[in-house]
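Work through these exercises with the model open beside you. Try each task before you read its solution.

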Amino acid sequence: MRPIRTFKVSPSLPPVLEPLRTLAYNLYWDWSDEVKELFRRLDPELWEESRHNPVLMLGTISQERLQAAAQDDGFLAHLERAQQEFETYRRERTWYERHRAHPQDCYAYFSAEFGLTTALPIYSGGLGVLAGDHLKSASDLGLPLVGVGLLYQQGYFQQYLTADGWQQERYPINDFYNLPLHLERRPDGSELRIEVIFPQRVVYARIWRVDVGRVPLYLLDTNIPPNNPYDQDITDQLYGGDIDVRIHQEIMLGIGGVKALRALGLQPSVYHMNEGHSAFLSLERMRELVQEKGLSFAAAREAVRASQVFTTHTPVPAGIDLFPPDKILYYLGRYREIFGLSEQEFLSLGREHTGDFQAPFNMAVFAMRMASFVNGVSQLHARVSRQMFCSLWGPTPESEVPIHAITNGVHARSCVAPATQNLYQRYIGPDWWALGTDAPEWQRVETIPDEELWRIHDRAKMQMILSIRERLRRALEERGASQAEIRKTREVLDPEALTIGFARRFATYKRATLILHSPERLLKLLSDRQRPIQFIFAGKAHPKDHPGKEMIREIVHFAKEHGLERQIVFVPNYDIHLSRLMVAGCDVWLNNPRRPREASGTSGMKAAMNGVPSLSTLDGWWAEADYVNTGWPIGRGEEYADTTLQDEIEANALYQILEEDVLPLYYQRDQEGLPREWIAKMKAAIRINTPRFNTERMVQEYAERAYFPVSDRWYQMAEQGYAKAQVLAEWKARVFQHWYEIKILDVTVDAPKEVRVNEPIQVTARINLGVLQPEEVQVQLYQGEVDASGLIPVGRVMPMTYQDRQADGSCRYTGEVRYATSGLQGFAVRILPQHPDLADPFELGLVHWSA
């Protein structure tokens, strides 16, 4: 029966408890132990039943319990402390106010998923959790940032296993009215809605807001009338549906996201695309400038590009969204007409090779072409990305392809166990989470008593084991298992045994089953009663990833076949809450992806912050960490063409490290029963990794390297009716037209017969620039060691100086090279475009090299 009218019914709180409502609707509670403990104290059982959702909790708690709390002096004092902490957080002077505080700055951060808390299940894995941590640290730092995403009615699936260990999925409906969400409304009280044009129809979306500390996150929801049933399902499932659903979602995220910002009265100075899902936002922004400001397409493209940032997370081509040309033209052809482009010109915006008329539209390529700052998420990933996408920058040397590295981090106060945070506050300082890598306070980690650190870790381990036992019990009950099988969950996992955790998305390249590679060797480890060892696995495979599902079943089967259900445990329905328990409670964090397939990985960072060392292949973040003092490396960063051989070698290395390093160190106890050397490694993990792999550092890096300069570039481009954008577009067209008229006529070298280290060599080049002027180019010497193939793989750049114009019209440039090392060395002369408004000299993909 459809109701004739609906109401949003709010909890009835006693006036003295009214601050609970404010606290519940701001996700600051997720990283404040004071506030979180307040809600837990109100009703511990309901807190767990609500999946740590204070809004749902306040909506279902009994009035009797509320009245009792209103008369409990201890609870009211706790409420006052929590309220004061939140108000102080919102009012205090921030890092951004101290370092910039530009009145027009606004940074819009677009992502297809946000992992903020278990209570808001609109994330699938690491990409979403990173986006959530980005917002939290932006709030801590006071950045004028807003998030933009989609509000999924079903979100990502909940996982359960059959008796055979096969993953199944269920999609519970998210009740938006019992989540920490605010529906944005117009002044007259009606819902604020936006319209997105699709072929033959308009799709409407309303806007919800999540308050993440100081940062608002705006989420679009199409599940409303008058949308037809298909359009209502656009925001149904995260990463669900076919290619048409996917393009609908990405149009709504990118184009709808820009329209939502306009409806909210926001004009961001930066648009940050977290992966390529939101890249269509560029089309809508260019349409605004063409239709509403009267700019040419070329000028609009320069203005938009100047103000956009793109972060790629994908180290393999298979992970990038590709859309067939006919789909792009069908759904987005109206933009082509507005821009006055041919079909192939329009499609070339998203093609790696613009002359390949059969190639699909690549969302990562489109995002890169429309961004003035592009980055990967670790040093290794940036190198891999430069290899993958170097063709976009023409003959630019791979090492100079402008894809930068900003290594990921994690939000420390969200992932470090509360008791451990309290320990850090006492021994390191109250703002330990904000200290930089060079802060002397980190040396205070060594003053933490070994007994105290070990005792806190033991408690975290026990809490994790009890929670896992309860999860397994509930999962078996839901599956209809026998009482005998359910009773066995009480004995799962030994609190005294070395516990190794592996929890992440079950993609095949992550090799969850590598530890099973040699069953005999693993069984020998597991049968050692003097040095017991156990493994905890958790994670979801994509519903369509059958090889990933098979890995889960293989783990479950191995445990059953060998009677190891107590020592090898797969915990279903991995989520943020379970992740936090595991990174704090495990003794070792295992990660063994195929290098270089892991863009970054962040779970090991969380473990390190809790004092848990990693055991991992040198991929992603671990390749740039201190993997000797804070854990153990598997291999030395080798990359293999033969994956079978790779598995054999790295599985053997894994077993050897466990047998010879990890187990002996863990069970080496002193007279007091403490593993002193192990604890020293725990302390090193905390001291070295916490400040370095922290989103406070990461977001500061985005601010200083991207947001601040990109905002300034946007302000310059937008001045005087976008005059600089028009001039830059015309200049680029002129340079493209005449670039290939440039000729390096001759290069003369004044060098002795035998060149010694650091001896200066004078170089003169005579260049015909055609119609271009000397100030429009920069001439450089590219010097370095010559490899066996006769090339300079990585060169050092030295500028050449313009001297004069010769009688024949050529230009004379001079420079100097000198070599710091001996051996076969060489140099080349190159010419690059030069303009004060270029974000990067390589952005045109034009480099003229000496023959």
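The exercises below concern a predicted model.

**Exercise 1. Strand order in an open sheet**

Task: Find the order of the strands in the open sheet of 4 strands, and name its edge strands.

Solution:
- Step 1. Trace the sheet across. The order is β24-β23-β27-β28, and the pairing is antiparallel.
- Step 2. Look for strands that pair on one side only. These are β24 (796-799) and β28 (848-849), the edge strands.
- Step 3. Check the pairing at β28. Strand β27 (residues 825-833) joins β28 in the antiparallel sense over 2 bridges.
- Step 4. Pick out one pair of residues. Tryptophan 849 in β28 stands opposite arginine 830.

**Exercise 2. The surroundings of β18**

Task: Which strands pair with β18, and in which sense?

Solution:
- Step 1. Start with β15 (residues 498-503). This strand pairs with β18 in the parallel sense over 2 bridges. Glycine 501 has tryptophan 589 of β18 as its bridge partner.
- Step 2. Turn to β19 (residues 614-617). The pairing of β18 with β19 is parallel too, over 3 bridges. Here asparagine 591 is bridged to serine 616 in β19.
- Step 3. Follow the chain from β18 to β19. The path runs through helix α24 (residues 603-609), and this β-α-β crossover is right-handed.
- Step 4. Inspect the two faces of β18 (residues 588-591). Val588 and Leu590 lie on one side, Trp589 and Asn591 on the other. All four are buried, and both faces are covered.

**Exercise 3. A serine in a loop**

Task: Is serine 378 buried or exposed?

Solution:
- Step 1. Locate the residue. Serine 378 sits in the loop between β13 (373-376) and α16 (379-389).
- Step 2. Apply the cut-off. Buried means under 20% relative accessible area. Serine 378 has 0%, so this residue is buried.
- Step 3. Look for a partner. A polar side-chain atom of serine 378 lies 2.7 Å from the backbone oxygen of alanine 599.

**Exercise 4. Enclosed cavities**

Task: How many cavities of 30 Å³ or more does the model hold, and what lines the largest and the second largest?

Solution:
- Step 1. Count them. There are 3 cavities of 30 Å³ or more.
- Step 2. Take the largest, with about 70 Å³ of space. Its lining includes Ala112, Tyr152, Arg246, Glu250 and His277. Helix α10 (residues 243-263) gives the most to this lining, with 4 residues.
- Step 3. Sort that lining by class. The largest cavity has 6 nonpolar, 2 polar and 2 charged residues around it.
- Step 4. Take the second largest cavity, at about 50 Å³. Among its lining residues are Glu302, Arg305, Ser372, Arg713 and Asp837. The elements giving two or more residues to this lining are α12 (297-306) and α27 (695-738).
- Step 5. Sort again. The second largest cavity is lined by 5 nonpolar, 1 polar and 5 charged residues.

**Exercise 5. An open pocket**

Task: Which element gives the most to the lining of the second largest pocket?

Solution:
- Step 1. Size the pocket. The second largest pocket holds about 1400 Å³ of space.
- Step 2. Find its centre. Of the 47 lining residues, Glu48, His52, Ser467, His577 and Leu581 lie nearest to it.
- Step 3. List contributors. Elements that give two or more residues include α3 (44-49), α19 (450-479) and α23 (576-585).
- Step 4. Pick the leader. α19 gives the most, with 12 residues.
- Step 5. Sort by class. The lining of the second largest pocket divides into 17 nonpolar, 12 polar and 18 charged residues.

Methods. Residues are numbered from 1 along each chain as its sequence is written. This is a predicted model: local features need pLDDT of at least 70, side-chain atom pairs count only at pLDDT 80 or more; totals for chains, interfaces and linings use all residues. Side-chain values use heavy atoms; hydrogens and water are left out. Two strands pair if DSSP finds at least two bridges between them. On a 1 Å grid over the protein atoms alone, a cavity is a set of points where a 1.4 Å probe fits but cannot get out, and a pocket is an open set with protein on both sides within 12 Å along at least five of seven lines; lining residues have an atom within 4 Å of a point. Grid points are joined across faces, edges and corners, and a volume is the space filled by probe spheres set on the points. Ala, Val, Leu, Ile, Met, Phe, Trp, Tyr, Cys and Pro count as nonpolar, Asp, Glu, Lys and Arg as charged, and the others, Gly among them, as polar. Buried means under 20% relative accessible area, exposed over 50%, partly exposed in between (1.4 Å probe, protein chains only). A crossover is right-handed if, with the strands pointing away from the viewer, the path from the first strand over the helix to the second runs clockwise. A polar contact is a pair of N or O atoms within 3.5 Å; within protein, one must be able to donate a hydrogen and the other to accept it, and residues adjacent in sequence count only if both atoms are side-chain atoms.
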